[in-house]
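Open the model in your viewer and keep the sequence panel beside it. The tour goes from one selection to the next and says what is there.

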Amino acid sequence: MTSLRSLLLAFLALFAAATVLTGYATFSASHAAISRLVDARIDLVADAVLTDVASGDARAILARIDRFSGRRDTGDIGFELEDARGRRLGGNVVLARAVAPGFSSVSSRDGIAGLTAGRAQSRDAGSGLRLITIAETEPVDGYAFVRARNYVIGFGAILLIVLAGTATFTLIVRRRIDEVRSTAAAIIDGDLRHRLSVPAHGGAFAAQAETFNRMLDRIAALMDGIRQISNEVAHDLRAPLARLHGRLALAIDADTPEAARREVEQALAQCVDMQATFSAILRIAEIEGGNRRAGFMPFDLTGLVDEIADTMRDAAHDRHHHLLVASAHAVEITGDRALIAQALLNLVENALDHTPPGSTVTIALDRDDAHVILRVTDNGPGIAAADRAQALRRFGRLDPSRHRPGHGLGLPLVDAIAQLHGGSLTLDDAAARAGAVSGLIATISLPMRTPEDQKLTLASTPIVRGVLKLP
């Protein structure tokens, strides 16, 4: 892979070459433009000298030269008139060499007093006479050197600024790379708390650092989850394994086949319960992996809520509960319908399991500008604010529910499903939110679909379905 230094050197070499070529091209173009302007002036003045003069009339031409040499607008023009043999007949300059016909360049080497660089034109004046007209291309002596120096300084300054800027940028990038490398090395060494510094002024580096830090936070959370799962699996399965061991021991020592069979059947039931625990763990891991997003499709969430309510009516009746379904909107969202159904079922079952007979459980569907809100509310004992984080942890069973069947993975599964859909699960006090005496509100907040894909049908008034009142 090409190194940062190689890329930098290649860039600087290309930029230096481009700068030098641009400076040379600019200098040459300006010099050529000046030469064209001087040539045009020489041609115009030479025409004026020869106009209305008889061809080959040397005396008239010299008189015209003398007159033009005294004028203010042409006093800086040099003239020399030569015969057919190249001998000087007169003029206000003396050339040290012969000038080729047409336009050519002259310099200080030509021996013209006061001239450093200029242009000359040699044209036929009739009868073999040659009129040589000369004009300077430099307003002052050494102007070409000054102009070249200005170009060198100007383009050199550009080059130096780019070099300084590139060096500074390279230093900044190298520092950020070194910081990322040191942070990665610390993570490899086991320090999951190490993070990149975030520049206070913002910008691309700040955004990159924030994204990198969020990635590290996610990795740290997953690692903590793995450690937590390992500890809690070992802790929560210790007692079932001990009971299973005891059951099998009793089966071996049973006095009758019937007694041994009963113990074996109890042991098999405990095995099924442990298998359910591991299945729930694998289910959460599958959801957190994100692979289920590939199966996301639009579906009617309102219809799903009605289906869950119909499914749970008998269970609510058997436990002597009131089950209500309230919705203000018909909403279609994009997601995994089976997983959303699993999450809603878990919340309803959790409410039925942890509330006394006669309690009311309400499933509500609502929305705002950005989210779809699913709420399952009960008026049972609720969960204390200090215990809600524990309830969302895997195997996080609270003390009042430890005597009930279950493995403490229901709410963590709901939370994983919500996060898979870009949403969240929150637990709140129903007494504060719904005006009840007590109870719990479990809220799943899911993002709305994009406007171009969204299809919402607003109901004119809120509706209440599936009201089940017990005698």
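Select Gly126 and Leu129: Gly126 stands opposite Leu129, which belongs to strand 5. Strands here, like helices, are DSSP runs numbered from the N terminus (H or I and at least four residues for a helix, E and at least two for a strand). This is a predicted model, in which local features need pLDDT of at least 70 and side-chain atom pairs count only at pLDDT 80 or more, while totals for chains, interfaces and linings use all residues. Residues are numbered from 1 along each chain as its sequence is written, and side-chain values use heavy atoms, with hydrogens and water left out.

Now widen the selection to residues 117–126 and residues 129–136. These are strand 4 and strand 5, and they pair in the antiparallel sense over eight bridges. Two strands count as paired if DSSP finds at least two bridges between them. Further along the pair, Arg119 has Ala135 in strand 5 as its bridge partner. In general, strands of a sheet pair through backbone hydrogen bonds, either parallel or antiparallel.

Go to the turn. Strand 4 and strand 5 form a hairpin with two residues between them, and Ser127 in the turn has a positive phi of about 55°. Gly128 is also in the loop between strand 4 and strand 5. Gly128 is partly exposed, with a relative accessible area of 32%; buried means under 20% relative accessible area, exposed over 50%, and partly exposed in between (1.4 Å probe, protein chains only). What does Gly128 touch, not counting residues up to four places away in sequence? Gly128 touches Glu82, Asp83 and Ala84, where contact means heavy atoms within 4.5 Å. Select Arg85 as well: the C-alpha atoms of Gly128 and Arg85 are separated by 8.3 Å, although the two are 43 residues apart along the chain.

Return to strand 4 and colour by accessibility. Nine of the 10 residues of strand 4 are buried, so this strand is largely enclosed by the rest of the structure. On strand 3, Val106 stands opposite Gly118 in strand 4. Six bridges join strand 3 to strand 4, and the two run antiparallel.

Next, show the whole sheet. It is an open sheet of five strands in the order 2-1-5-4-3, with antiparallel pairing. Which strands stand at the edges? They are strand 2 (88–91) and strand 3 (102–107), each with a single partner strand, so one side of each is left without a neighbour in the sheet. From one strand to the next, the twist averages 25°.

Add residues 58–69. This is helix 2, which packs on the sheet and touches strand 1 (78–82), strand 2, strand 4 and strand 5. The direction of helix 2 makes about 170° with that of strand 1; axes are lines fitted to C-alpha atoms, for helices over the stretch in contact, and angles run from 0 to 180 degrees between N-to-C directions.

Move back along the chain to Asp52, in the loop between helix 1 (4–50) and helix 2. Asp52 has a positive phi of about 60° although it is not a glycine. Asp52 is exposed, with a relative accessible area of 76%.

Now select residues 301–318, which form helix 6. Where is helix 6 kinked? The kink is about 40° and is centred on Met312; the bend at a residue is the angle between axes fitted to the seven residues ending there and the seven starting there. Buried residues of helix 6 include Leu301, Leu304, Ile308 and Met312. In the loop between helix 6 and strand 7 (322–335), select His320. His320 has a positive phi of about 60° although it is not a glycine, and is partly exposed, with a relative accessible area of 48%.

The last stop is the interior. The largest nonpolar core has 48 residues, and those with the most contacts inside it are Leu301, Ile340, Leu347 and Ile444. A nonpolar core is a set of buried Ala, Val, Leu, Ile, Met, Phe, Trp, Tyr and Cys residues joined through side-chain atoms within 4.5 Å. Helix 7 (residues 337–353) gives the most to this core, with nine residues. A second, separate core of 17 residues includes Ala46, Ile61, Leu81 and Ala135.

Technical notes:
Expected span 1.5 Å × (residues − 1).
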